[in-house]
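Trainee: Walk me through the surroundings of one ligand, atom by atom where you can. After that, tell me what a cavity search of the same model turns up.

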Protein chains: 2
Amino acid sequence: MGGQVLVLNTGSSSIKYRLIDMATRTGVAGGLVERIGEDESALVHDGVRVERRVADHEEGLKAVLAAFAEHGPSLDGVTALGHRVVHGGSRFVTPVLIDDAVERAIEEIAPLAPLHNPANLEGIRVARRAFPGLPHVAVFDTAFHGTIPPHAHTYAVPREWTRKLGVRRYGFHGTSTAYVSRRAAALLGRPYGEVNSIVLHLGNGASATAVRGGRSVDTSMGITPLAGLVMGTRSGDVDPALPAYLARVAGMGLGDVDTALNKESGLLGMCGANDMREVWRLADAGDEDARLALDVYGYRVRAYVGAYYAALGHVDAVVFTGGVGENSARVRALATAGLTRLGIEVDPARNTAESAEARAISPEGAEVTVLVVPTNEELEIAEQTAACLEEG
Amino acid sequence: MGGQVLVLNTGSSSIKYRLIDMATRTGVAGGLVERIGEDESALVHDGVRVERRVADHEEGLKAVLAAFAEHGPSLDGVTALGHRVVHGGSRFVTPVLIDDAVERAIEEIAPLAPLHNPANLEGIRVARRAFPGLPHVAVFDTAFHGTIPPHAHTYAVPREWTRKLGVRRYGFHGTSTAYVSRRAAALLGRPYGEVNSIVLHLGNGASATAVRGGRSVDTSMGITPLAGLVMGTRSGDVDPALPAYLARVAGMGLGDVDTALNKESGLLGMCGANDMREVWRLADAGDEDARLALDVYGYRVRAYVGAYYAALGHVDAVVFTGGVGENSARVRALATAGLTRLGIEVDPARNTAESAEARAISPEGAEVTVLVVPTNEELEIAEQTAACLEEG
Ligand SMILES: Nc1ncnc2c1ncn2[C@@H]1O[C@H](COP(=O)(O)OP(=O)(O)O)[C@@H](O)[C@H]1O
Ligand SMILES: Nc1ncnc2c1ncn2[C@@H]1O[C@H](COP(=O)(O)OP(=O)(O)O)[C@@H](O)[C@H]1O
């Protein structure tokens, strides 16, 4: 497919967008509408900030189109729109051309992602009205994990919950993980279908995924994005009896516990800071809680690497991505410490060399190639959108 | 210490007991009082069953003493009593000579183990009245895990929960794990302090523990025994947002979810049977739920082996114990499948050879020795009791 794809990522109070040129595989423009519905809402288009009262997503998208008209580039070359949708449930494991039935299905899945899917859907609705003549494709953040086999996606809970209530591991960060695992195979110079990798997407949210021959076979997030690794404000794994324990000893309600586990836990809960740069600053200044938070964070990553090593049997690449994974050499060192017996280690000089490019940081000739690969979810959504339209 | 130790394991409606001779390190008699407080309560002493109405633990212990008096052996050689206590909290990380202050401390820890500690304490109280002249030692099931370092016992939750509410990984099965990891070192012919092992205690409850140089450095159970591996009726790890999800989509209460995760999940939840023998029978008869339950069970064990391999850096032994671990060659095969790159494999003939002895089941010369070691918690409690009295 030639032309350009306009990628939209709509949150409850924001619209992120990027125009991708498919011939060159590059973003030619992009921006963000923030704080929709608030007085201080604003649009940043290609770095230019426009304060502007935006009441709802409909107005937000109009503001985006106005910014393109005023500042360029032209949208005349757009041949399709790609929409990020967080949760595809068990139903959507590939990108799908959106029609009214698909909209309804995304709505039905909303209980699985009550904070995200309704906002994603609102973005789809206003964009379909704005671009009624173009195809719109939904790309699901769960979809890449549709290949996880039953032994890894089934929880050991009453089977009625699994069958009737949709309780299973879904996983998230799928678009990013698909992108970087494909890039990793290219960097190794090997066919994607032959490479086993462990992808560590470490950002505000964080996940680990085991990829066997290009297919996700396990991932650390679960029915929601709370499970797994330590994150900025999310706990990751804890004893599932914790909510009941806190109800018993402190009279806490389930809602309070769930909010605390999602918003006041992780790095923030352990040391008061959720931005990884700030956590390091605190630790370097001697803050023991910050030091412990880093140790817990690194240990949990290593444990998942070991678990997925066992799941995969052999591993060709460990891939770091996301804001933390791409930028923090010290986190990468922590996350791979003590794993030499698994063939996993980083070369200190390579690891700390400044670069914004995809690159190997393991020693020459290492059994497992450790890579840093900047993620690009918008490009991946554009490519999946194009592929969906070509196939379908 | 010479003489004999009477080991008591008191549950809410039961008293298990075993008389251990310290010179020969063998059990010379033992039995069980069951269904205390019910009409069908009964005492089985050294295999002889006596139906007898037992109203409470006080009467239960009297019945035990009467059985010793009537059927023998004599209790005249008893020099100490050892009591199993499930939860020692952060306070008790070694066995302790019981006095009134210790009793009060065990009572204070009860919110951590509301089903177990009060019953353990009741057993201690009646036994101290029955044997006022002898030392009583409490041996805690959590104590062996007191060496787990902060990066592995700290949850990524608000630090107030950790500091004020006792929220941390405690771990259980410590007495069994201490016993079999020590036996494993002896079987390898190496000093305990130099051996790294992964202990898989697979019974109705199930746990994995990473032991570095004789000290627990991580374990799969958490603040309660719900976390970690798949068990007979317990889920093990699930997304900690599951209770909130079930409240949202099915209106379930926290208590209902917690009960279901503890009593109606695990193998039972997935396939309707919680006894491992029955699960295999169903699977062999073609039941797909049972086959899936086994696959989930085995996969989860392998994932913990990998995670603890990463935590330990190198591993000398993988040790199977507990009713399932000691008896099910097929579970052992499932739990080690695909781990050859980690140096872990079982020899099919050795694995399936019938034996009640501690034994190696890995191939000759394997990098990691895979062992089956029958556990003996009563002997371990007796030995820890004796050691506590000698030191103290
Ligand atoms: N140079 C850096 N060193 C350490 N952490 C960094 C650096 N740059 C960005 N980060 C961290 O990346 C995280 C955000 O990652 P990102 O992938 O953008 O988040 P999201 O999950 O919201 O997409 C923040 O915690 C930030 O501190
Ligand atoms: N031959 C066997 N094959 C498979 N499982 C067995 C066998 N013998 C006992 N088991 C299983 O062991 C489990 C009980 O283990 P045990 O360690 O006694 O439990 P607990 O955790 O209560 O101490 C049961 O699930 C039982 O089916």
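**Around ligand 2, and the cavities**

Mentor: Let's start with a nitrogen atom of ligand 2, which has a polar side-chain atom of Asn327(B) 3.4 Å away. The protein covers 67% of the 580 Å² of accessible area that ligand 2 has on its own. Keep in mind that this is a predicted model, so treat the distances as computed from it.

Now the oxygen side of the ligand. The side chain of Asp275(B) puts an N or O atom 2.4 Å from an oxygen atom of ligand 2. For the side chain of Arg277(B), the corresponding distance to a ligand oxygen is 3.5 Å.

Those three residues belong to a wider shell. Around ligand 2 you also find Gly203(B), Asn204(B) and Gly205(B), then Asn274(B) and Met276(B), and finally Gly322(B), Gly323(B), Val324(B) and Ser328(B). By class, the shell has eight polar residues, two charged and two nonpolar.

As for secondary structure, two helices of chain B each supply at least two shell residues: H10, spanning 276–284, and H12, spanning 322–327. H12(B) gives the most, with four residues. Asn327(B), where we began, sits within the range of that helix, while Met276(B) and Arg277(B) fall in the range of H10(B).

So much for the ligand; on to the cavities. Searching the whole structure gives two of 30 Å³ or more. The largest has a volume of about 730 Å³. Its lining takes in 40 residues, and those nearest its centre are Asp237(A), Tyr304(A), Asp237(B), Arg300(B) and Tyr304(B). Both chains contribute elements to that lining: helix H4 (150–153), strand E11 (215–219) and helix H11 (288–312) of chain A, and likewise H4 (150–153), E11 (215–219) and H11 (288–312) of chain B, each give two or more residues. H11(A) has the largest share, at eight residues. Sorted by class, the lining comes to 21 nonpolar, 10 charged and nine polar residues.

The second largest cavity has a volume of about 50 Å³. Lining it are Gly89(B), Ser90(B), Phe92(B) and Val93(B), together with Thr142(B), Ala143(B), His145(B), Gly146(B), Arg168(B) and Tyr170(B). In class terms, that lining splits into five polar, four nonpolar and one charged.

How values were computed: Residues numbered from 1 in each chain as written. Chains lettered and ligands numbered in written order. Predicted model: local features only at pLDDT ≥ 70, side-chain atom pairs only at ≥ 80, totals over all residues. Heavy atoms only, no water. Near = heavy atom within 4 Å. Polar contact = N/O pair within 3.5 Å; in protein donor to acceptor, adjacent residues only side chain to side chain. Areas by Shrake-Rupley, 256 points an atom, 1.4 Å probe, with all protein chains shown as cover. Nonpolar A, V, L, I, M, F, W, Y, C, P; charged D, E, K, R; others polar. 1 Å grid on protein atoms, 1.4 Å probe; cavity = no way out; pocket = protein on both sides within 12 Å on 5 of 7 lines; lining within 4 Å. Points joined across faces, edges and corners; volume = space filled by probe spheres on them.
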